Every structure is written in C-alpha cells, then in structure tokens.
Amino acid sequence: MTNQILLYLGSALTVIWGVAHLFPTRSVVSGFGEISTDNKQIITMEWIVEGVALIFIGVLVSVVTLIGYETDVARAVFITSSAARVVLALVSLFTGYRVDYLPFKLCPFIFGGSAVLVLAGAF
C-alpha cells in the first residue's frame, strides 16, 4: 500500500506540474516582447509540449500502478519515466534555474522529487 501511495504521489506531482505549464503559456510568450511570429509559435509549441509530456508521464505511471505495479514491465515504466524526469530536472537546473522567476527555479526539485517518489514506490 505504501508503494502505491508513493507512486500515485509522484504521478500526481508530475501531472499537476504539467497542467500548470499549460495555463500561463500565453503570458510566457508575451513576456518575450516583440519577437517574430515564428519564434512565438516555437515557444508556444515547446511550452505546451513540455506540459503534455509531463501529463503523459504522470498518467502513464498512474495507469501502470493501477493495472499492476509489481510486475517487471511496471518497474521498467517506473525506471524509464523517472530517468526522463531526472533528465528534465538536470536541463531545468542548468537553464531555467538561472531565470529570475520562481516557477522555473522549482522545476528541478519537482521533477527530481517526483522521480524519487516513483522510484521509492517501485522498489
């Protein structure tokens, strides 16, 4: 039971942060000021893609946990999804963490924390 709680917590944290990426997209893009339409579309796309990817990772972990979290396939999903979050945490640490905007500074900790929760629940 404890393992499932950790898995669901890690999953929920990832989904919530993914959803949180979708809402401010317009204001983030406008924060860049006068840039080309192509650049606005690229930033919009990337911002949405990160949100959708995080939601997918979180939902995948939840679904696998619901179906059967003690299988080898489930553990493979938990390990690979955690590895993806660790990569995102490292990218965020070396890029977004340097930005003077609190949500960017939170990304490495949220990604890393959710990866730790899922790994702790997987084993």
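A polar contact here is a pair of N or O atoms within 3.5 Å, one able to donate a hydrogen and the other to accept it. That cut-off is needed further on, at Thr-25. The structure itself is a predicted model.

The chain has five helices and zero strands, so that its elements, read from the N terminus, run α-α-α-α-α. Its C-alpha trace spans about 50 × 25 × 20 Å along the principal axes. Of the 123 residues, 31% count as buried. The accessible surface comes to about 7,300 Å², and carbon and sulfur atoms hold 73% of that area. Among contacts with a separation of 6 or more, 71% join residues 24 or more positions apart. The chain carries 6 positive and 7 negative charges, and the mean positions of the two sets are 5 Å apart.

Helix H4 covers residues 72-94 and has 23 residues. From its first C-alpha to its last it reaches 33 Å, close to the 33 Å expected at 1.5 Å a residue. Its buried residues are Ala-74, Val-77, Phe-78, Ser-81, Ser-82, Arg-85, Ala-89 and Ser-92. An α-helix has 3.6 residues a turn, so residues three or four places apart point the same way. The list for H4 can be read with that in mind: Ala-74, Val-77 and Ser-81 are among its buried positions, as are Arg-85 and Ala-89. What covers the buried residues of H4 includes helix H1 (2-22), helix H3 (37-68) and helix H5 (102-122).

Thr-25 belongs to helix H2, which runs over residues 25-30. Is Thr-25 buried or exposed? Its relative accessible area is 7%, and because buried means under 20%, Thr-25 counts as buried. Leaving aside residues up to four places away in sequence, Thr-25 touches Thr-44, Trp-47 and Ile-48. The side chain of Thr-25 also reaches the backbone oxygen of His-21, at 3.2 Å. This distance falls within the 3.5 Å limit, so the pair is a polar contact.

Val-19, in helix H1, is a second residue to look at. Its relative accessibility is 31%. Because the partly exposed class lies between 20% and 50%, Val-19 is counted as partly exposed. Val-19 and Glu-50 are 31 residues apart along the chain, and their C-alpha atoms are separated by 9.7 Å.

Key. Residues are numbered from 1 along each chain as its sequence is written. This is a predicted model: local features need pLDDT of at least 70, side-chain atom pairs count only at pLDDT 80 or more; totals for chains, interfaces and linings use all residues. Side-chain values use heavy atoms; hydrogens and water are left out. Helices (H or I, at least four residues) and strands (E, at least two) are DSSP runs, numbered from the N terminus. Buried means under 20% relative accessible area, exposed over 50%, partly exposed in between (1.4 Å probe, protein chains only). Contact means heavy atoms within 4.5 Å. Accessible areas come from the Shrake-Rupley method with a 1.4 Å probe; for residues, only the protein chains shown count as cover. Lys and Arg count as positive and Asp and Glu as negative; His and the chain ends are not counted. The place of a charge is taken as NZ of Lys, CZ of Arg, CG of Asp or CD of Glu. The expected span of a helix is 1.5 Å times one less than its number of residues.
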